[in-house]
Structure formats: C-alpha cells, structure tokens
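Here are some notes for you to read beside the model, set out as numbered points. Please keep the structure open while you go through them.

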Amino acid sequence: MELQSGQFRERVLESNRPVLVDFWATWCPPCRMMKPVLEKLAVKVADWADIYSVNIDRQPDVAAEFQISGVPTFCAWAGGSIVTQRTGALTESQLLQLLQTAREALPAAAADDAADVNERDWVTVVSGLPRSGTSLMMRMLEAGGIPALTDRQRQADADNPNGYYELEAVKQTDTDSSWVETAAGSSVKMVFRLLRHLPEDRRYRVILMRRDVGEILRSQRAMLDRNGVSTDIADDRMRAMIQAELQSFYAWLPQQSHLDSVNVSYNELMEDPGRIVRQIDRHLGGTLDCDAMAGVIEPQLYRQRAA
Amino acid sequence: MTNTGCHNAGQTCWSCPAVEFKGHVDFRACGQAAFRKAAQGQLVVECRRRPEIGYFDPNSITFESCSEWKETPDGYLLDGMKVLILGMDGYLGWPLALKLARQGCRVLGIDNMMRRDLVAERGADSITPIGSMEERVAAAREKLDVEIEFRELDLMDRPALAALIEEFQPESIVQFAEIPSAPYSMADVERAVSTVQNNVVGTLGLLFAVRDHAPDASIIKLGTMGEYGSPLTGRPLFEGLFPGDAVLQYQGQEWSLGGELTPRDPVSFYHVSKVQGTFSVYEACKYWWLRSYDVMQGVIYGNSSAELDLDPAFNTRFDIDEWWGTVVNRFVAQAVIGMPLTIYGSGSQKRGYITLRDAMQCITRLIAAPPEPGQYDVVNQVTDVFSVREIAQMVATIAREFDLEVEVQRIENPRVESEEHPYEVIHEKLADRFGFESESAFADEVRHLFRVLLQPEIRARIINQQDTLFPKTRWSGEHGELEVLETWKPAA
C-alpha cells in the first residue's frame, strides 16, 4: 500500500510489527514491475507484517532522510529502525527473507502483544465482499470454537447451502449498533462498508476475506441468474467500481486502532486450508480447534474458480 | 473511481504533456544516485493551457475531470493535441494522420518522400494509386474538413528537425520515419548502411531534439516483434520487460529479472536497427526523463480504416513487392493475378499479425494515455499468431469466394531463420491497460483486400509489377534463382 505524506512515522517507525518499505519511482521499470509481487506478498504475510511503498518523487524528504540512493530499495524495519535493506529488484523469497530478518529482530514482548487481551472481550468480525467466502468463514469459526451471532433469518439456498450466518440487526449498524453489546466473544458477519459504523470504544478482530474480483463477479452473476435478477452493468465496469471502493477501504482499515485485521485469501484457503487455518488461529489467540475448522471446507463449493 | 470507463480516465497531470513540472527535477536512472535535497519539497506542476490555476499537485486533476481532455471512442484525448508524425507519407503515417485529425488533434507531419523513391528503385509502385502529399492534404481538407499540416523534411537534417520541434511544441511524437524492410537491409552493404543510418542515427537525433525542445512530449516509437526473434526454448515473448516475478536461477542462487529488458535476437540488419532504437529510447527515458511507449508491432496487413474507406483520395500506399510488401498483402496480390502464393522454406515460421485498422486504434490509444515522466514501456501490438502456411491456406480458401483458384508454392528459404520453432507472444497490455478491442478479423480484412485488388485497374497495376513479387534477396549474399521445392493446390 502506498504511504501518503505524513504517515511514515505511525505506520513504519512506531509499528510493533515487521515492516517492509519499498522506495520506488514511476520512471523505474523494475519498480513498476515489482508492484504485483509486493501486493501478492502483502496478502501472504498480512497476519504478521506490513508492506508499504513510498514514491521518492512525492516524498523526497523521506527518501533523503533514509539516504535512499537508488530505486527500487527495499528496507525492512523492526522497532523503528532499519534492520536490513537491498537495492534492485528482488524475488518474492528474497523479500520474504528481509521481513523474516526483521521479525527475528523484534523484541519478543511486542510480538506477543495481541495475546494479552482477554479472549472474551473481543468481537470477531468476518467481512469482505459478498461472495468472498464470509459465510464459510463464519461456519469455520463456529466449528473452531467461536460461536456465531446469527438469527438465521436468511435461509440456506443453492448459493450458500450451509446458510448465510447473518444477523439482521447488523445491517442497521449505521443507525443502531446496540447489537454489539451482545457480541463479545462471538463472531458476526458484516459487509465491509458497515465496518465504518462500529462503535470505536470496543476492540474488534476483523477477518477480511479477499478473493479474486473476477471470481466474485462470476459467482455473483451466477447467484443473480439463479434468482432471475438481471443487471445491465458490464463486468469490467463493475470490477472498476469494486476495486476503487476496496482501495479506499484497504487504505482506511489499518488506520483504525480499534480494528485488528487479518487478511485471508479465499483462494489460498481453498488450496491449503491447514496452513491458512493455523494463521487465523495464531491471529485470534491460538485457542481454536484447527482440525475442525479445516474440516468445514468443502471444495465442491468452490465453483467459480478463476480460469 | 471513473465514470466513463475510458482507459485513461483516471490518469492525472502527472502524465499530461500540457503541464510543466516546477521545482527541482533531477534526472536519475534506476539504481543510480537518487539523492535529492530534502528542502526541495514535492513536485508541483503548472498547466500551460490554464495558467490561471497556478502551481498545483499533479495528482489532483484526472483526465476525466479536466476540461482540456475530451472523450473520444479511443479514450480521452487532449483537445487539439499537437501530434507530430514522422514519416507521414508511409503506409501507417497517413492513415494515422487522418484518424487523429478527425478526432480533433492538430497534426503536423514530415517526410522526406524516400519511400516512394525506394519502391520505384525496385521497379514497383503502390498498388492502390496515391496522390502527392499536397493532394492528400487538400483531400482531407475538402472531404473531412480537417487541416493536416505537412512539411517535406528529412529526419537526418538535425538542425531543421530541432527547429521544427521547437516551433511546433508537439505533445506527442510518433516515430514512423524509418526504413522498414528486412530484405532491403540484407541486399548489400550500401542498403544495410542506409537502413542503419536512417533508423539508428535518425532516432538518436530525434531524442536529443526532444530533450532540448519538447521534453514533456510522449514518444511513440515503432519497433517490431522481429526484435525478439523466436527463441527455440519456447520462452514467452514478454512485452519488452520481464514481469516482476520472473526469476533467474543459476547454481543454487536466484535473482529477480523484474523490469529488465528481455533478450533481443533480431533477424536482419533492419531488425538490428530497431533493437538499437529500443535501447536509445530506453536510455533517453533514463537519462532525461523523456517518456515513451515502444511498440513491438506484428506484421501489418490490410488497407482499411474508418477514414481510408471513405474515399479513394485517402488511399494509403500499398506495396506488394519482395522488399516493401508484407506477407498477407502479397499473398492476396498473388492470388488476384493467378500466381502461386510463395512460402519461404517449410512455411512453419510463426509471426504475430495485426490489421492496419487495429494498429491505428492501438497507436491512438497509446497517444491518448501518455506515459509518466521518465517512463519507458513496451507493448506487443499483435492480435493473432499464424504460421505462413496457415495464412496461405486461409487466403486460398477466401479466394474461392471470389472464384479464384489458388496454388501454393514452397520455395527455398532466402532468409536465415528457424523454420520450426515455438512462438508464445504475450500481448495483454493494450487490452488490459489501454482498452484496445480488435475491430477487424483476418477473414473480413482479406475479403476487403480481394474486393479492392480485383478492381481491373488495380489488378492491371499488379500484373505490371509481377516480376517484383518473387524473392531474390538472400540473407547469405549468394545470387541466383531460388529453387521451387513444391507446388500444390490447397484442399477446400
């Protein structure tokens, strides 16, 4: 994610997680080519590290302060100082290595910070775009030991044969968020737009489901077709709209101190449930029944796979 | 978020050629010293067209929201954008001038008229009659109500070129002024030298003139897919630069190749000149913050576009001889006069192809979405990959619709090239980033060609120069007739 002017201190220097910063420029072909690689890696390491980019032409003061003498330069930060850095395009595994070096350099206490909070105080929120696997995640959490807060008003159907795990009251969060009072220790599903309305005096653990937008669109279209609803908006237009909205959301989310989020790739979850479930468990405090969670995954539900 | 979905709606003043960067701009290349004085602050711009706005953040205005950019079928175009077309008299230059002028660009073209002489030297001429540049410009004025400006000027006349660029202040520059023939460059030393001189030195001189007089103009540089060659390993032909996740592994170590230029393996001295052009442009972007799209174009065919189809007075030149023609155009001409379609060697050589109409759309879309300062990028401008044998078969099949019985002939390959090879072309950027959608399919374009070339006066012109169709130029330098290996009538 691109750091804006003035965010560097809070996001990088004051972070208690390993941070990788990519100093880049628009006129540098390797820098441009590294973008998708960094985005992919950011999702993979989302539960323990952050990756940010700094455009040296837009923030020359930052680049000068850290004596960036070439681009792309990748610096790994831990506890406010640079642990290691390299200039020139790197492979994904080399980038990961930088972050791991930073992780080893972090004081142990900081890493364990999250575990100190009392399990029962948290509200676990499952969010993402529609059709990104949120219902599935709700079922997994239920199996793993976090009860789901749901009224089961929306019935299971061909699109979600195991139920939607929704709570009607959640949909009115922007006007009435009193349901939150009953939600500590439970998990609840909500559309990502509503996260902005959660009362800030509580702490939430957000599981953000991410899925290839093309797949989401296909799944959505299949669902609309089954329900006889037609839409005139072309897929590419829809994709652009969704992506723009997501981008602003992804920029907003990490700035919220009451929301502790973890990204879960739907596609990776399907490919390697065991590994992803262990990551989720670590993020949620390490008390879940991982085997039961992985057992919930039924690959036959994974119908709209990207070609 | 954008409302129109145009490919360039979200681009900002960062890449607009109508703004001037203010404050400290230093020229640095990747991996080279990038120190900048901290006190300089961020870059700001001033709009040459709307100076009343003052200095502002170049990210704050998108093309979509700027009153100077107008929506067209090929994306937003800077209203009255000043486009300099180098080589406007050529096969591509003229249709592009018509298209851009019609979309509201202010077009100025130059040409030294060399192509007409070179084709005449071969004993050939454009198969579709073309007027003088003055006649063409007059026709455009009369029938399209557009003013295209033309000046006869040689790209090699560097002082004149620099003066022209200083005077016109182009916002986009299309470099089509190169000698475009592989066999010509292999014919003898004089022609090889002439090709390299014109193409390499001409482009180099252009880059200096742009640096000095119009550094914010985007340069659309025409390259060719032939720069890549056809690697026998089957390595994909990426779009000029390796993708970010390309990795080189050797002796247990690994390195990223992301963003590096992919290997070039040109297939004639003409292609060598194009590779050199690629490097010159790449370096100029690095050293001077120039900006360029390097277009690796497939073999072009056809003679149709929205403008060309309006009136024969708009005809672009159409060559079919061994040196200046390209394969699809030549096959149709051969079919029209009952001459066997000549395949070199096995005919399994695969190449990328694109119609003239689609190529013009691509170039227009690139002009509409200029690169950012210092950005060098490459697109593979190709819609289809065919083997020569497949093309012969398709042309023969379509010829039957016109009651023409066509033979195909394999002849000894005059070129030095691999005849059996894998060929995987990556061509995604134009569709993904520039909104390109093909408007013309092979069969339709070839049918259109048959209709044009079967007109009696055009057919007579082909018959007149049929001796120029059969190849004579060998890459080896040897002389003598090429041997016919096999002749057959393709099955229906």
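1. In this predicted model, domain 1 of chain B and domain 2 of chain B bury about 1600 Å² between them, and carbon and sulfur atoms give 57% of that area.

2. To find the two parts in the sequence, note that the domain assignment places domain 1 of chain B at residues 1–72 and domain 2 of chain B at residues 80–488. Their C-alpha centres are 32 Å apart.

3. How many residues of each domain are in contact with the other? On the side of domain 1 of chain B there are 24 such residues, and they are in contact with 20 residues of domain 2 of chain B.

4. Turning to charged pairs, the count between domain 1 of chain B and domain 2 of chain B is two salt bridges. In the model there is also a salt bridge between the side chains of Arg49(B) and Glu171(B), with a distance of 3.2 Å from N to O. Polar contacts across the interface of these two domains come to seven residue pairs, where both residues of a pair have pLDDT 80 or more.

5. As for the secondary structure on the side of domain 1 of chain B that touches domain 2 of chain B, β1 (19–22) and β4 (69–72) of chain B each supply at least two residues. The largest share, three residues, comes from β1(B). Sorted by class, this side of domain 1 of chain B has 13 nonpolar residues, together with six polar and five charged ones.

Methods:
Residues numbered from 1 in each chain as written. Chains lettered and ligands numbered in written order. Predicted model: local features only at pLDDT ≥ 70, side-chain atom pairs only at ≥ 80, totals over all residues. Heavy atoms only, no water. Domains from an automatic or database assignment. Contact = heavy atoms within 4.5 Å. Buried area = accessible area lost by both parts, 1.4 Å probe. Salt bridge = Lys/Arg side-chain N within 4 Å of Asp/Glu carboxyl O. Polar contact = N/O pair within 3.5 Å; in protein donor to acceptor, adjacent residues only side chain to side chain. Helix = DSSP H or I, 4+ residues; strand = E, 2+ residues; numbered from the N terminus. Nonpolar A, V, L, I, M, F, W, Y, C, P; charged D, E, K, R; others polar.
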